[in-house]
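Hi everyone, thanks for coming. I'd like to walk you through one structure today, so let's put it on the screen.

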Amino acid sequence: MSCADTCFTWSATPDQAAVLDWRIEDINEVTIGGPLPWLPGIPNRIAADPNWGPYLDARSQLVAQLADQVRLNAADEAPAWAAKPHASMPAGLIADIQVWRAATQVDSSDLRPTGPPQLCRAIQAWQQQLDKRLAVAETWQWRHLLASKVPRVTADPFLPELEERLSNLTRAGFDAGQLVRSAATAGPLPDDHPAAALWWRILDQLPQTSNQDPVTPDAVPATGPTATTPLRQQPPKPRTAPPPAFGPSR
């Protein structure tokens with residue numbers, strides 16, 4: 001199921017009579033909703049057709065069955081994009097995003113949870129909804145960890161930025177939860193800007209590679225840590241400048 005399929009714009013298919021523009025929902029009453037949240041239902045007049053009604057109903061049921069199978073598979077093991085060493089991602093959200101990734105053919109190596117931005121109106125709206133749910137889940141997880149390990153940072157205005165950067169680290173393959181724990185044990189944080197200070201400590205634990213510097217604003221390492229010295233044993237270095245961003249914001 002590709003984006004073109006889900007938007008009902010198979011212009012290249014030889015079965016032209018089966019092509020339904022997704023905008024048909026705007027001008028015709030439909031039966032029930034589509035088999036996926038972003039798909040329109042079958043218009044009543046077409047559903048009542050003796051030929052196309054059964055055909056489209058069977059296609060809809062097949063899509064629903066495939067989505068159910070993806071959900072079952074998602075329950076067995078968390079995918080790479082959902083790796084959260086510090087806390088578990090809600091199972092329902094993982095399943096919804098896995099169905100989305102399968103339907104829109106997001107490459108398994110793409111660690112962006114919902115993959116590249118979609119252009120179709122209906123599918124784009126659902127992607128944005130998934131991204132919002134994910135942001136809420138990630139914020140709660142990071143805030144829970146930070147409040148338990150370094151409660152002082154929760155009052156710092158830099159906290160939302162810190163949470164986003166921790167998410168970027170995780171998507172880049174690092175154990176951001178362990179980095180937080182290690183940085184928290186390095187000693188008391190300053191009274192001024194403790195969240196920013198914590199981020200500097202985290203940056204100082206990251207390994208340097210020959211072709212990437214993870215402390216530069218736009219760097220996102222392709223692989224996880226490779227330093228020979230364990231991250232938790234690497235002492236933090238003092239910093240005086242504001243902490244740089246790690247990776248692009250979602």
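Let's begin with one residue, threonine 104: it is buried, with a relative accessible area of 10%. Before I go on, please keep in mind that this is a predicted model. Threonine 104 sits in helix H4. What does its side chain have close by? A polar atom of that side chain lies 2.7 Å from the backbone oxygen of tryptophan 100.

That brings us to tryptophan 100 itself. Is it buried or exposed? Tryptophan 100 is buried, and its relative accessible area is 0%.

Tryptophan 100 also has an aromatic partner. Searching the whole structure turns up two aromatic pairs. One of them joins tryptophan 38 and tryptophan 100 in an edge-to-face arrangement, with 5.1 Å from centre to centre and 75° between the planes. Where do the two partners sit? Tryptophan 38 is in the loop between helix H1 (3-6) and H2, while tryptophan 100 is in helix H4, so this pair ties together parts of the protein that are 62 residues apart in sequence. Tryptophan 38 counts as buried too, at 5% relative accessibility.

Now for the other pair, tryptophan 52 and tyrosine 55. Their ring centres are 5.5 Å apart and their planes stand at 75°, so this pair is edge-to-face as well. Here the partners are three residues apart in helix H3, which puts about one helical turn between them. As for the surface, tryptophan 52 is partly exposed, with a relative accessible area of 31%, and tyrosine 55 is also partly exposed, at 29%.

Since we are on helix H3, let's stay there for a moment. H3 covers residues 52-76, which makes 25 residues. From its first C-alpha to its last, H3 reaches 37 Å, close to the 36 Å expected at 1.5 Å a residue. Which residues of H3 are buried? They are Gly53, Leu56, Ser60, Val63, Ala67 and Ala74. These buried residues pack against helix H2 (44-47) and helix H4 (91-104). And H4, you'll remember, is where we found threonine 104.

Let's step back to the whole fold. The protein has eight helices and zero strands, so to speak in sequence order, the elements run α-α-α-α-α-α-α-α from the N terminus on. There are 250 residues, and 42% of them count as buried. Among contacts with a separation of 6 or more, 63% are between residues 24 or more positions apart. On the outside, the protein exposes about 13600 Å², with carbon and sulfur atoms supplying 56% of that area.

Finally, the cores. The largest nonpolar core has 26 residues, and those with the most contacts inside it are Leu146, Leu166, Leu169, Leu198 and Ile202. Which elements give two or more residues to this core? They are helix H5 (121-149), helix H6 (159-171), helix H7 (176-184) and helix H8 (194-205). H8 supplies the largest share, eight residues. Apart from that core lies another one, of 21 residues, including Trp38, Trp81, Met89 and Leu134. So Trp38 turns up twice in this talk, as a member of that core and as the aromatic partner of tryptophan 100.

That's my tour. Thanks for listening, and I'm happy to go back to any part of it.

Definitions and conventions:
Residues numbered from 1 in each chain as written. Predicted model: local features only at pLDDT ≥ 70, side-chain atom pairs only at ≥ 80, totals over all residues. Heavy atoms only, no water. Helix = DSSP H or I, 4+ residues; strand = E, 2+ residues; numbered from the N terminus. Buried < 20%, exposed > 50% of the residue type's maximum accessible area, 1.4 Å probe, protein only. Contact = heavy atoms within 4.5 Å. Areas by Shrake-Rupley, 256 points an atom, 1.4 Å probe, with all protein chains shown as cover. Expected span 1.5 Å × (residues − 1). Core = buried A, V, L, I, M, F, W, Y, C linked by side-chain atoms within 4.5 Å. Polar contact = N/O pair within 3.5 Å; in protein donor to acceptor, adjacent residues only side chain to side chain. Phe/Tyr/Trp six-rings, centres within 6.5 Å; stacked < 30°, edge-to-face > 60°.
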